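Visitor: I have a structure to look at and some questions about how it is put together. Could you take me through it?

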Amino acid sequence: MLVYADNAATTPMSEAALNATVDAMKNVWGNPSSLHTVGQQAKVVLEEARAKIAGLLGASEREIYFTSGGSEADNQALISAARFGAKRGKKHIISTKFEHHAILHTLDALAKEGFEVTLLDVHKNGIVTPDDVRAALRPDTALVSVMYANNEIGTLQPIREIGAVCREAGVLFHTDAVQAVGHVPVNVAEDNVDMLSISAHKFHGPKGVGVLYAKRGIVLANVINGGAQERGKRAGTENIPAVVGMAAALEEACANLEKNAAYIGAMRDTLIAELSKIPHSVLNGDREKRVPGTVNFCFEGIEGESLLLMLDDRGIEASSGSACTSGSLDPSHVLLALGLPHEIAHGSLRLSLSEYNTPEEVAHIVREVPRVVEYLRGMSPVWENLEKGIQPHLI
Ligand SMILES: *Cc1c(COP(=O)(O)O)cnc(C)c1O
């Protein structure tokens, strides 16, 4: 049995998205900037996809900018708000310690340019509160950026309430919604957001395409300079097959959102119930306030890397957190942000499900994980010390 349980890293494309993409590759190859018929036909298809995506997010077409993915959307959102703020003497940015690196590393770059960045602590349950944001606001705050759902532990943030705090203070609010869109209801108007990032490959669309939503009136800065595509804000001939595939994937995800959430959520709850029975294990992040598919556990005395390799051997494809940091031996910045000690943060397991998983696959996971944990603990000098009481158990 082969169980793909790493859907927070990427998802396989849906039939609908794949068909739409291939069809556009074959038939819609014109350049939307061309004035002739072939070009204008491509332009129509592009704008139909934009309208569809806008409708699904509660935005208007003019607020949707296509990008090469979530990372680019995050970069452009932060850089835009920073430049806009700087012109008005506002050089303070608020974000959180457990953002994706597309946010954190962009903030590092902005800090080098003279911006002051406040990274909020995350509570033990993996959530940042509106009060945390309110307390950090300053008269010179240009932007608040808080992710909608965390990619490593799956916790949902109170985005609507944080958005309301920002709006009241007149501060721009961006959210990295890459793990949320297509999985939980997201509506840019109701959620009080000014900018929002999405990525197609996290909801069964193609890789290398995403959206930056920017509310009407927001002045975007160019990250890619060149032609006048995307209302002059993102140069480069539009990737129509990918955009069309993204629109098809999002339409399907939104149409089945509740049904999928119930189906996936039930499997997730089985994972939580069964894996919590492993002694000295802990579920990271709030039990309830989480996306349907993602769980993250720490098992004391275990190294995440060996756990992943042994699970892979047994047909279970999981992750130790972010795909971007796997391969490095640094403990996850997300788990450290929750206040977990280094020793524990090393031994994490992220399982992320989609509607393509089955209860039989979940049964395989809950059978194999305890066995592998027990086996690895049997070989672990750290575990031996814990069991002999030479070192105290931390969980
Ligand atoms: C995957 C991911 C990104 C990056 O999106 P890409 O399309 O892969 O660039 C950004 N933020 C979060 C929360 C993600 O999960």
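**Domains, cores and a pocket**

Visitor: Which helix gives the most to the lining of the largest pocket?
Guide: This is a predicted model. Two or more residues of the lining come from each of helix H11 (342-345), helix H12 (359-378) and helix H13 (381-387). The one that gives the most, with three residues, is H13.

Visitor: How much space lies in the largest pocket?
Guide: The pocket is lined by 18 residues, and among the closest to its centre are Gly-301, Glu-343 and Ser-380. The space in this pocket is about 340 Å³.

Visitor: How many residues of that lining are nonpolar, how many polar and how many charged?
Guide: Ile-302 and Val-382 are also among the lining residues closest to the centre. Over the lining of the largest pocket, the residues divide into nine nonpolar, five polar and four charged.

Visitor: Into which domains is the protein divided, and how many Å separate their centres?
Guide: Domain 1 covers 3-10 + 257-388, and domain 2 covers 15-255. Their contact takes 28 residues from domain 1 and 32 residues from domain 2. Taken over C-alpha atoms, the centres of domain 1 and domain 2 are separated by 28 Å.

Visitor: Which helix gives the largest share of the largest nonpolar core?
Guide: In soluble globular proteins, nonpolar side chains tend to be buried together. Here the largest nonpolar core has 66 residues, and those that touch the most other members are Ile-53, Val-133, Val-144, Val-181 and Leu-196. The largest share of this core is nine residues, from helix H7 (residues 240-255).

Visitor: From which domains does this core draw at least three residues?
Guide: A core could draw on one domain or on several, so the bounds have to be compared with its members. For this core, the domains that each give at least three residues are domain 1 (3-10 + 257-388) and domain 2 (15-255).Visitor: How many residues are in the second, separate core?
Guide: This second core includes Ile-264, Leu-271, Leu-283 and Leu-311. The number of residues in the second core is 29.

Visitor: Is Asn-7 buried or exposed?
Guide: Asn-7 is in the loop between strand S1 (3-4) and helix H1 (15-27). Leaving out residues up to four places away in sequence, Asn-7 touches Pro-12, His-204, Ser-352, Leu-353, Ser-354 and Asn-357. The cut-off for buried is under 20% relative accessible area. Because its relative accessibility is 5%, Asn-7 counts as buried.

Definitions and conventions:
Residues numbered from 1 in each chain as written. Predicted model: local features only at pLDDT ≥ 70, side-chain atom pairs only at ≥ 80, totals over all residues. Heavy atoms only, no water. 1 Å grid on protein atoms, 1.4 Å probe; cavity = no way out; pocket = protein on both sides within 12 Å on 5 of 7 lines; lining within 4 Å. Points joined across faces, edges and corners; volume = space filled by probe spheres on them. Helix = DSSP H or I, 4+ residues; strand = E, 2+ residues; numbered from the N terminus. Nonpolar A, V, L, I, M, F, W, Y, C, P; charged D, E, K, R; others polar. Core = buried A, V, L, I, M, F, W, Y, C linked by side-chain atoms within 4.5 Å. Buried < 20%, exposed > 50% of the residue type's maximum accessible area, 1.4 Å probe, protein only. Domains from an automatic or database assignment. Contact = heavy atoms within 4.5 Å.
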